[in-house]
Amino acid sequence: MLKGLFYIFLGIILACSCDSKSKKQDGQEVNTPTSVNDSNAIAKIEFPQKSFNFGDLQEGEIVTHTFRFKNTGTKSLVILNVGASCGCTTPKYDKKPIPPGGEGKIEVEFNSSGRFGKQYKVINIFANIPEKVVELKIIANIKNK
């Protein structure tokens with residue numbers, strides 16, 4: 001009889017612990033993967049071009065370039081933030097998730113006012129990708145008026 005109760009008790013414990021699609025952590029519900037495929041899904045961002053050279057510009061010119069990319073992963077791509085190395089460079093991007101196979105763009109505006117000579121600016125893209133950040137570059141040579 002004691003052995004029977006032990007097996008019933010063990011069965012209840014196992015049944016409760018195996019059915020864990022969501023758990024509570026710090027008072028909030030947290031979803032856990034229900035299959036191996038869920039945990040292997042990742043977003044990947046692929047740029048055909050990671051740098052662009054504007055060439056020679058006159059000081060004061062404002063120019064733009066659009067970097068296009070594709071999500072080659074198996075999970076939606078979410079761009080969390082895009083930052084530039086200088087206030088003269090302004091990136092614009094769509095904040096909506098990009099599904100697997102989907103495409104997007106990052107538009108970069110460069111203001112050459114007050115700049116002279118060779119300019120090398122970096123745009124950092126922070127996203128839900130394994131490498132966490134991707135770097136784009138723009139280059140220009142600013143000439144005096």
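## A guided look at a strand-rich predicted model

Lys-132 makes a good starting point: with 56% relative accessibility, this residue counts as exposed. The structure you have in front of you is a predicted model, and its secondary structure comes to 2 helices and 10 strands. The tour below goes from the loop that holds Lys-132 to the core, the sheet and the salt bridges.

**Overall make-up**

- Reading from the N terminus, the elements follow the order α-β-β-α-β-β-β-β-β-β-β-β.
- The protein has 145 residues, and 28% of them count as buried.
- About 9700 Å² of the protein is exposed, with carbon and sulfur atoms supplying 53% of that area.
- If you take the contacts between residues at least 6 apart in sequence, 62% of them join residues at least 24 apart.

**Around Lys-132 and Val-133**

- Lys-132 sits in the loop between β9 and β10.
- The backbone is worth a glance here: phi of Lys-132 is near 70°, a positive value in a residue other than glycine.
- Val-133 belongs to strand β10, which covers residues 133-143.
- With a relative accessible area of 34%, Val-133 is partly exposed.
- Together with Leu-80 and Phe-126, Val-133 makes a nonpolar surface patch of about 260 Å². Patch residues need over 30% relative accessible area, so Val-133 passes that cut-off with its 34%.

**The nonpolar core**

- In soluble globular proteins, nonpolar side chains tend to be buried together.
- Here the largest nonpolar core has 27 residues, and Phe-47, Phe-69, Leu-77, Ile-106, Phe-110 and Ile-125 are those with the most contacts inside it.
- Two or more core residues come from each of β4 (51-58), β5 (62-71), β6 (79-84), β8 (103-111), β9 (117-127) and β10.
- Strand β10 gives the largest share of this core, 5 residues.
- Ile-125 is a handy residue to centre your view on. Beyond its neighbours within four places in sequence, Ile-125 is in contact with Phe-47, Ile-79, Asn-81, Val-82, Ile-106, Lys-132, Val-133, Val-134 and Leu-136.
- That list brings the tour back to its start, since both Lys-132 and Val-133 are among the contacts of Ile-125.

**The four-stranded open sheet**

- Four strands build an open sheet in the order β3-β5-β8-β7, with antiparallel pairing.
- Its edge strands are β3 (45-46) and β7 (89-93), each of which pairs on one side only.
- β3 and β5 are joined in the antiparallel sense over 2 bridges. Ile-45 stands opposite Asn-71 in β5, and Glu-46 stands opposite Lys-70.
- β5 and β8 also run antiparallel and are joined by 9 bridges; within β8, Gly-104 stands opposite Phe-69.
- Which side chains of β5 point to the buried face, and which to the other? Val-63, His-65, Phe-67, Phe-69 and Asn-71 point to one face and are buried. Ile-62, Thr-64, Thr-66, Arg-68 and Lys-70 point to the other face and are not buried.

**Glu-46 on an edge strand**

- Glu-46 lies in strand β3, and its 46% relative accessibility makes it partly exposed.
- Not counting residues up to four places away in sequence, Glu-46 touches Arg-68, Phe-69, Lys-70 and Thr-72.
- Glu-46 and Thr-72 are 26 residues apart in sequence, yet their C-alpha atoms are 6.6 Å apart in space.

**Salt bridges**

- The structure holds 3 salt bridges.
- Asp-56 and Lys-143 form one of them, with 3.9 Å between the closest N and O atoms. Asp-56 is in strand β4 and Lys-143 in strand β10, so this pair ties together parts that are 87 residues apart in sequence.
- In that pair, Asp-56 counts as exposed at 51% relative accessibility, whereas Lys-143 counts as partly exposed at 37%.
- Lys-96 forms a salt bridge with Asp-94, and their closest N and O atoms are also 3.9 Å apart. Lys-96 is exposed at 56%, while Asp-94 is partly exposed at 43%.
- Glu-135 and Lys-137 meet through their side chains in a salt bridge of 3.6 Å, N to O. Both partners are partly exposed: Glu-135 has a relative accessibility of 39% and Lys-137 one of 25%.

Key. Residues numbered from 1 in each chain as written. Predicted model: local features only at pLDDT ≥ 70, side-chain atom pairs only at ≥ 80, totals over all residues. Heavy atoms only, no water. Patch = residues over 30% accessible without salt bridge, like charges linked within 9 Å, V, L, I, M, F, W, Y side chains within 5 Å. Areas by Shrake-Rupley, 256 points an atom, 1.4 Å probe, with all protein chains shown as cover. Salt bridge = Lys/Arg side-chain N within 4 Å of Asp/Glu carboxyl O. Buried < 20%, exposed > 50% of the residue type's maximum accessible area, 1.4 Å probe, protein only. Contact = heavy atoms within 4.5 Å. Core = buried A, V, L, I, M, F, W, Y, C linked by side-chain atoms within 4.5 Å. Pairing = 2+ DSSP bridges.
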